[in-house]
Amino acid sequence: MTDSPSPNPSESLLHHHHPHEANSLHPHVHSEESLRQIVNQLSRIEGHVRGIKGMVQQSTPCPDVLIQLAAVRGAIDRVSRIILDEHLTECIGRAAREGNIEEELDQLKAALDRFLPLAKKKSKSKKEG
């Protein structure tokens, strides 16, 4: 991740590029508060997963492990929601202003298809049935 200063210093935004997204239309911009919140939540999730790994290694009963896995899933859902909300307000808004909304929506749809693969399969089966 590469950070570079904001074009307008008074905006207090961080720009970072996702090198794995070679076809990305723009650098992703997150507020400092949002970026800190996302990183903190991911750090907590990382620690929680390490704890679950220890539980498995210590032969903790499966129901207890499953409860902790459900907690991690909930935490991932919450951080995903923060990222999605910010993408909708920042990236989609910027794309609309710059006139490339279709491309941005296509990228969002592709990301959601990967993020929510079961929902996509269910919607296909509903259309078929």
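Reader: How many helices and strands does the secondary structure of the chain come to?
Author: This is a predicted model, where local features need pLDDT of at least 70, side-chain atom pairs count only at pLDDT 80 or more, and totals for chains, interfaces and linings use all residues. Residues are numbered from 1 along each chain as its sequence is written, and side-chain values use heavy atoms, leaving out hydrogens and water. Helices (H or I, at least four residues) and strands (E, at least two) are DSSP runs, numbered from the N terminus. From that end the elements run β-β-β-α-α-α-α, so the secondary structure comes to four helices and three strands.

Reader: What share of the residues in the chain is buried?
Author: Buried means under 20% relative accessible area, exposed over 50%, and partly exposed in between, with a 1.4 Å probe and protein chains only. The chain has 129 residues, and the buried ones make up 25%.

Reader: Which helix gives the most to the largest nonpolar core?
Author: A nonpolar core here is a set of buried Ala, Val, Leu, Ile, Met, Phe, Trp, Tyr and Cys residues joined through side-chain atoms within 4.5 Å. The largest one has nine residues: Ile38, Ile45, Ile52, Met55, Val65, Val72, Ala75, Val79 and Ile82. Helix 1 and helix 2 are the elements that give two or more residues to this core. The most, five residues, come from helix 2.

Reader: Which residues does Met55 touch, leaving aside residues up to four places away in sequence?
Author: Met55 is one of the buried residues of helix 1, and it belongs to the largest nonpolar core. Contact means heavy atoms within 4.5 Å. On that basis Met55 touches Thr60, Asp64, Val65 and Gln68.

Reader: How far apart are the end C-alpha atoms of helix 2?
Author: The expected span of a helix is 1.5 Å times one less than its number of residues. Helix 2 covers residues 62–98, so its 37 residues should span 54 Å. There's a bend of about 35° at His87, the bend being the angle between axes fitted to the seven residues ending there and the seven starting there. The end C-alpha atoms still agree with the expected span, at 51 Å apart.

Reader: And what is the distance between the end C-alpha atoms of helix 1?
Author: Helix 1 has 26 residues, so at 1.5 Å a residue it should span 38 Å. Its end C-alpha atoms agree with that, being apart by 38 Å.

Reader: Which residue has a positive phi although it is not a glycine?
Author: Most residues other than glycine have a negative phi. The one to look at lies in the loop between helix 1 (32–57) and helix 2. Its phi is about 55°, and with a relative accessible area of 62% it counts as exposed. That residue is Ser59.

Reader: How far is the C-alpha atom of Leu88 from that of Leu108?
Author: Leu88 is found in helix 2 and counts as partly exposed, at 41% relative accessibility. Not counting residues up to four places away, Leu88 touches Gly93 and Leu108. Leu88 and Leu108 are 20 residues apart along the chain, and their C-alpha atoms are separated by 9.1 Å.

Reader: How many disulfides does the count come to?
Author: A disulfide is a pair of cysteine sulfur atoms within 2.5 Å. Cys62 is exposed at 57% relative accessibility, whereas Cys91 is buried at 4%. By the sulfur distance rule, the number of disulfides is zero.
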